[in-house]
Amino acid sequence: MMDGRSFSLGKTRNIGVMAHIDAGKTTVTERILFYTGRTHRMGEVHDGAATMDWMEQEQERGITITSAATTAEWRDHRVNIIDTPGHVDFTIEVERSLRVLDGAVAVFCAVGGVEPQSETVWKQADRYGVPRVAFINKMDRVGADFFRVIEMMQSRLGARPVALQLPIGSEDTFDGIVDLIEKRAVRWDTESLGADYTEIDIPSAMVDQVDMYREELLEAAAEQNEALMDRYFAGEEIAPDEIRSALRKATLAGDLVPVLCGSALKNIGVQRVLDSVLHYLPSPVDVPAMQAQDALTDETVSRAASDNEPFAALAFKIMADPHVGKLAFLRVYSGSMGTGDFGYNARTRSKERVGRLLQMHANKREELKRVYAGDIVAVVGLKGVLTGDTLSDPGEPVVLESMHVPDPVLKIAIEPKTKADRDRLGNALARLAEEDPTFQVSSDEESGQTLISGMGELHLEVLVERMRREFKVDANSGAPQVSYRETFRKATRAEARFVRQTGGRGQFGHVILEVEPQSPGGGFEFVDETTGGAIPKEFIHSVERGIAEALAQGILAGYPVVDLKVRLVDGSYHEVDSSDVAFHIAGSMAIKVAAGQAGVMLLEPMMDVEVIAPEQYLGAVIGDLSSRRGQITETDTRSASVQAIKSLVPLAEMFGYVRELRSMTQGRATYSMELDSYREVPQAIAEELINGPVAQDA
């Protein structure tokens, strides 16, 4: 059991490894664990033996589903690493990891370059202001092109990549890198699995290229410092440590992205990635103090990364562990906490006692007595904590900014096979929903069926499989159904009066609303603009609740109404007859009147689909996407014989696409898709949905 701070805050790094599916994130992490001495053999994803992919399904499918946390040591630093999934169905795992990380290693495939989910995770990192270094992996693969990936980072991500290394050769001739800062070439030893490497002179054929890229590197470094700029223009020699210091400043500010290259599978270049994490990514003290809300006064307060500040931590992941029960993963932002201490949860307004504190290594664990600012740990014994909750000092309770949780786009009906399964189903669904905020459970009032909603077919498939394996629940699942939305066509003003007189005390509520559609993603916004006490303050919330409930139930076809701003501008009340119920009903009536006046349209999720296919199948793929109501947005030549086709396709048309694509291209094409936006459903299809939703075939 460990006690006391073993590493200073300045020598701690909290990083994530992020990328598109199949770019090699987990392989990179496996190599990091091997070289830092955390594991004594290398697990391979394709053998189903990766340390970080410890869930049975991860090993079978060769993908990462949950973000696994681990701790390693490198050159007198502690590096806390979170390996995140690349598949868009598990986007919440990336989102919650980035929320609590200080820096990230973005892994790109040297062949595929910047792929759709690379763009998604990049935008997520932008949202949280996470500094990054880039590692261009798979330089040994056919079609690898280091310089093309750098160009794609500029054009697709709007980033400013700065090469710190150049590859020696590519594809089957790739066998090392040139370090542009040290001006030395490095080759890795295959006998020691890349643990040993030697520095050699730069190959003569590369000297001009190295000089050109080193000038770019020096220019980027000199921009950060006037004195350095003067010396650079004077032609003076700039020491490697000075270059790194300037690049670190620019990386932390988000002005540039240092780029490295290698092949994790061939054990080339991974140690330099670790070095770059120490050189260029922030420690907790380099990150601005966290902003929080005082749980008692709602005032904004800050929590700096210091053991002497009041304790504050964010729960970024809940996990059901078969051995110890519920595990809550915490990022500690300030202060310290020991076993047996109490933390305050502002959401539940209750104190939680900390049971055991665990340092996680994938699914293995090491007990701690105390945790400190900057730590990422798992806690046993927190009963009421959910993803996004803040745990803080009961004497100075705060709420840290939570994380963005996307809405699910797909749902399926689920039915237990036996009575015993029915009894276990409720518990399994509750536990899974507790772990995953993008997984939602509801019931269909008409059929009485249980519906589960998620981010895609794979997401729900994995969750149903987890129910079977982990919770021993056998269930039949129905065909997937799209989560449509509704919205208003135009702005309008509406009035409703609810009056009921039935002898004795009656009911009276009168409201006037102004309603206007918001831009996509704007959500529901309610604003009270009444003046002069037209409606007493105690009834305002009832009006809002009545409107929100009516919108949640839908107007046209029972789908939630979104992207709407509602202003309560006027109304009236009765001294005796007005009540919460009356204004609740008046609010609901008024929004329905507004819907009738403004007109309501159905929206469907449109997916950004990218297909990578050999050139001879280009016509067939485009024709098929067009037949699915798809709009081709871009075609791009990836190599001499491979094309990338980007398109926008309704989710309703994409069920079972993987089977169609395989048969159309003899199994040689791959595709990825993610939610782009919600768009209006064509009239004929909308009528079919309104007159009775038709389940799509899986």
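This briefing walks through model confidence, one sheet and two helix pairs. The structure is a predicted model, in which local features need pLDDT of at least 70 and side-chain atom pairs count only at pLDDT 80 or more, while totals for chains, interfaces and linings use all residues. Residues are numbered from 1 along each chain as its sequence is written, and side-chain values use heavy atoms, with hydrogens and water left out.

**Confidence**
- The chain has a mean pLDDT (the predictor's confidence in each residue, from 0 to 100) of 83, and 87% of its residues reach 70 or more.
- Over residues 38-67 pLDDT stays under 50, and the model has 100 contacts (heavy atoms within 4.5 Å) beyond four places in sequence for this stretch.
- Residues 693-698 also have pLDDT below 50, with 16 contacts beyond near neighbours in sequence.
- Where pLDDT is low, please do not read the predicted coordinates in detail.

**A sheet of 3 strands**
- This open sheet runs in the order 13-12-24 with antiparallel pairing; strands (E, at least two residues) and helices (H or I, at least four) are DSSP runs numbered from the N terminus, and two strands pair if DSSP finds at least two bridges between them.
- Strand 13 (300-303) and strand 24 (398-400) are the edge strands, each pairing on one side only.
- From one strand to the next, the twist averages 45 degrees; axes are lines fitted to C-alpha atoms, for helices over the stretch in contact, with angles from 0 to 180 degrees between N-to-C directions.
- Strand 12 (residues 290-294) pairs with strand 24 over 3 bridges in the antiparallel sense, and Gln 293 stands opposite Val 399 of strand 24.

**Helix 12 with helix 13**
- The axes of helix 12 (residues 537-553) and helix 13 (residues 580-598) come within 7 Å and cross at roughly 45 degrees.
- The two helices are therefore oblique to each other; angles under 35 degrees count as roughly parallel, over 145 as roughly antiparallel, 65 to 115 as roughly perpendicular and the rest as oblique.
- Their contact includes Phe 539 and Ile 547 of helix 12 and Phe 583 and Ile 591 of helix 13.

**Helix 14 with helix 15**
- Helix 14 (residues 618-627) and helix 15 (residues 657-664) have axes that come within 10 Å and cross at roughly 150 degrees, so they are roughly antiparallel to each other.
- Ala 620, Val 621, Asp 624 and Leu 625 of helix 14 meet Tyr 657, Leu 661 and Met 664 of helix 15.
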